[in-house]
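Hi everyone, thanks for coming. I'd like to walk you through a protein model today, so please have a look at it before I start.

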Amino acid sequence: MKKLITAALFVAIFTACHKESPVYWDNIEITRDEAGVTALLNYPYRFGGNDSVTVKINNRIETFLKTGINEECLECSLDSALTVLIAQKQQDTVLFNIPYDFNAEGSVFQYGDVTSVRLMKTYYTGGANYNMEVTFLNFDSKTGDLLELSDLVNDIPALTELTRTTFFAQHQFTPEYYRDSVRISDMPEELPLAATIGLDSEGIVVFYNLYEIAPRSFGATELKLPYSAVESLLKIKKDKDK
């Protein structure tokens, strides 16, 4: 009996010591101003929970942000990628004179077992215009795996049709006006479903980045599809909302 009690006590202590800490999100801020590189990054970062899941999610977030900073340093941390870029500019007289401005921000929304991370990065490396990109990374909160749209929505054609209706109503366009006056020759005649889709407190967010559906002058377009309109399309139900 004494041995059983000792063994049970050991298991209890071991389990307590290895209990996962609660998951929470905070922002990581990185600022750099050196060698013509100006960076201001303020992006969401997960803490706690299962270590491997947290690392997987954070690596995905930083990989997206690093793309556009240094394509040769995708295995580095985000801060290290900026350090490498600065070192390269300091060693190259041509690169040194090219301005590089980089900004990033993001937010997190939890819906059931889905964590939807919205990220936006803007960067300027000379020329007439800055570059901007918005993405949603939709994670399975338990595994850290990235989810496809088919994991979130059970009727993609219905979502596509609702997106088109919302787009034309928001811009007061007819499909014909979009086809004949807004789009250019290499743009789709019918409004396609955006590649960037996520969740926030209001509903499904559909985001069209620059050039995705129209010339740059048209700008980026964000559509909000309220939960009241999309609840039947979601594979995750609203009663799981946290």
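Let me begin with a small puzzle: is A35 buried or exposed? With a relative accessible area of 13%, A35 is buried, since buried means under 20%. Before I say more about that residue, please keep in mind that what you see is a predicted model.

So, where is A35? You will find A35 in the loop between strand 1 and strand 2. These two strands form a hairpin, with two residues between them. Strand 1 and strand 2 run antiparallel, and eleven bridges join them. If you want a landmark at this end of the hairpin, look for E34, which stands opposite V37 in strand 2. A35 also has a backbone feature to notice: its phi is near 55°, which is a positive value in a residue other than glycine. For context, most residues other than glycine have a negative phi.

There is another residue of this kind. Y211 has a phi near 75°, again positive and again not in a glycine. Y211 sits in the loop between strand 7 and strand 8. Is it buried, partly exposed or exposed? Y211 counts as partly exposed, at 45% relative accessibility.

Now let's step back to the whole protein. There are eight helices and eight strands. The protein has 242 residues, and buried ones make up 38% of them. The exposed surface comes to about 13,600 Å², and carbon and sulfur atoms supply 53% of that. Here is one more overall number: take the contacts between residues at least 6 apart in sequence, and 53% of them join residues at least 24 apart.

Let's go inside. How many residues does the largest nonpolar core have? The count is 27, and the residues with the most contacts inside this core are F167, L199, I204, V206 and L234. Several elements give two or more residues to this core, among them strand 3, helix 6, helix 7 and strand 8. To get a feel for this core, pick I204. Not counting residues up to four places away in sequence, I204 touches a list of residues that includes V153, L159, L223 and L234. There is also a second, separate core of 26 residues, and I61, F64, L85 and F102 are included in it.

While you have F64 in view, find T135 in strand 5. Leaving aside neighbours within four places in sequence, T135 is in contact with F64, V117, R118, L119 and T196. T135 itself counts as buried, at 13% relative accessibility.

Next, charges. Side chains of opposite charge can pair when their charged atoms come close. How many salt bridges does a search of the whole structure find? The search finds ten. Let me show you three of them.

The first on my list is D79 with R32, where the closest N and O atoms are 3.0 Å apart. D79 lies in helix 3 and R32 in strand 1, so this pair ties together parts that are 47 residues apart in sequence. D79 is partly exposed at 34% relative accessible area, while R32 counts as buried at 18%.

Next comes K142 with D113, at 3.7 Å from N to O. K142 is in the loop between strand 5 and helix 5, D113 is in the loop between strand 3 and strand 4, and the two are 29 residues apart. K142 is exposed, with a relative accessible area of 61%, and D113 is partly exposed, with 32%.

My last pair is E133 with K121, at 4.0 Å from N to O. This one links strand 5, which holds E133, to strand 4, which holds K121, and the partners are twelve residues apart. E133 counts as partly exposed at 31%, whereas K121 is buried, with a relative accessible area of 1%. Salt bridges can also share partners, and in this way R118, D200, E202, E222 and K224 are joined into one network.

Let's finish on the outside. Which residues make a nonpolar surface patch of about 240 Å²? They are V94, L95 and I98. V94 belongs to helix 4, and with a relative accessible area of 57% it is exposed, because exposed means over 50%.

That's my tour. Thanks for listening, and please ask away!

Technical notes. Residues numbered from 1 in each chain as written. Predicted model: local features only at pLDDT ≥ 70, side-chain atom pairs only at ≥ 80, totals over all residues. Heavy atoms only, no water. Patch = residues over 30% accessible without salt bridge, like charges linked within 9 Å, V, L, I, M, F, W, Y side chains within 5 Å. Areas by Shrake-Rupley, 256 points an atom, 1.4 Å probe, with all protein chains shown as cover. Salt bridge = Lys/Arg side-chain N within 4 Å of Asp/Glu carboxyl O. Helix = DSSP H or I, 4+ residues; strand = E, 2+ residues; numbered from the N terminus. Buried < 20%, exposed > 50% of the residue type's maximum accessible area, 1.4 Å probe, protein only. Contact = heavy atoms within 4.5 Å. Core = buried A, V, L, I, M, F, W, Y, C linked by side-chain atoms within 4.5 Å. Pairing = 2+ DSSP bridges.
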